[in-house]
Amino acid sequence: MIRFAAVFVLSLLGVVPGLAFDEASQAAIDGMKRGKAVPITAVTELMKGAQMWCYNQRENECAWSDIYLSISGNDVEFEMSHPWNDLIDISYINRGALKDNRFICGSGYDWIPSVRAYERGTGYVIGGRTLAALKLEVEQFTTVQQEFDCFDYVFEAADDEAQTVTLLQRQYEDGETDPANDATVTLHFDQATAADLGWYW
C-alpha cells in the first residue's frame, strides 16, 4: 500500500530508483565499525541519502519514521510520521540540532502547527475543525523535546541487496541513557520499499 508521507516527499526528491547507496552514503558506511558509535558527520550523509528511517520495524511497518529534509550547519529539519491513535496517523515537521559530532538533540521547536492528519486505511486527509481539535489534543498530551534530549547512533549492519542500513539509536536525557529507550532504526535507500512502509499501532 502506498503511504502518504513517503509518496509526497519522494515525488519532491525525484530520486532515481535502482541505486543501492549513493556515493556519499557508501563512503560513510565504509568508515563505520559494527558496535561503534557513528560520528554525526557520517550520520548526516545517511540522513541525506536514505528515503526513510523506520524505527523498530515489523515486516513493512514502523513504530514511527523520519524523512530528513534539510541540513544546514548544525540545524536539521525532518518530517516525522507515526500513529496518533488506532484510527489516525499524523505527520509534522520538526527540527533538531547537531552537537559534539556525535548527537542530534531536540531544539525546542514548536512542531504542532505543522501537524497533518490522515485516516488509517483510507488515507483520507483530515482537515478543518476536526484537524484543529486534533492539534489541541496533540498539544495537550505532548511534551516538546528540550535541548538536553539527545540521540546518538551505533552501527549494526549494512545490506547491499536490501538497500538498508541498520543503526541502534540511543536516547540521552541529562547526559544519561537508558537501554529501555533504545530503538533499532532501519534506513531504507530503495524508493519503492520506502514508499510501501506504513506504521503500526
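Is C54 buried or exposed, and at what relative accessibility? C54 counts as buried, because its relative accessibility is 0%, and the cut-off for buried is under 20%. This value, like the others here, comes from a predicted model.

**Disulfides**

C54 is one half of a disulfide; its partner is C62. The partner has 0% relative accessibility too, so C62 counts as buried. The link of C54 and C62 is left-handed, with -115° about the S-S bond.

The structure holds two disulfides. The other pair is C105 and C150. Here the link is right-handed, with 105° about the S-S bond. C105 sits in strand β6, residues 103-106, while C150 sits in strand β9, residues 149-159, so this disulfide ties together parts that are 45 residues apart in sequence. Both C105 and C150 are buried.

Counting bonded cysteines along the chain, the pattern is 1-2, 3-4. The table sets out the two links.

| Disulfide | S to S distance | Angle about the S-S bond | Handedness |
|---|---|---|---|
| C54 to C62 | 2.1 Å | -115° | left-handed |
| C105 to C150 | 2.0 Å | 105° | right-handed |

**Helix α3 and T44**

Helix α3 spans residues 40-49. How many of the ten residues of α3 are buried? Seven are, so the helix is largely enclosed by the rest of the structure. The buried residues are I40, A42, V43, T44, L46, M47 and G49.

T44 is worth a separate look. This residue is found in α3. T44 counts as buried because its relative accessibility is 9%, which falls under the 20% cut-off.

What does the side chain of T44 meet? One of its polar atoms lies 2.7 Å from the backbone oxygen of T41. An α-helix has 3.6 residues a turn, so residues three or four places apart point the same way. Leaving out residues up to four places away in sequence, T44 touches I71 and L98.

**In brief**

Two disulfides are present. C54 and C62 form a left-handed link, and C105 and C150 form a right-handed one. The C105 and C150 pair connects strands β6 and β9. Helix α3 is largely enclosed, with seven of its ten residues buried. Among them is T44, which contacts I71 and L98.

Methods. Residues numbered from 1 in each chain as written. Predicted model: local features only at pLDDT ≥ 70, side-chain atom pairs only at ≥ 80, totals over all residues. Heavy atoms only, no water. Disulfide = S-S within 2.5 Å. Buried < 20%, exposed > 50% of the residue type's maximum accessible area, 1.4 Å probe, protein only. Helix = DSSP H or I, 4+ residues; strand = E, 2+ residues; numbered from the N terminus. Polar contact = N/O pair within 3.5 Å; in protein donor to acceptor, adjacent residues only side chain to side chain. Contact = heavy atoms within 4.5 Å.
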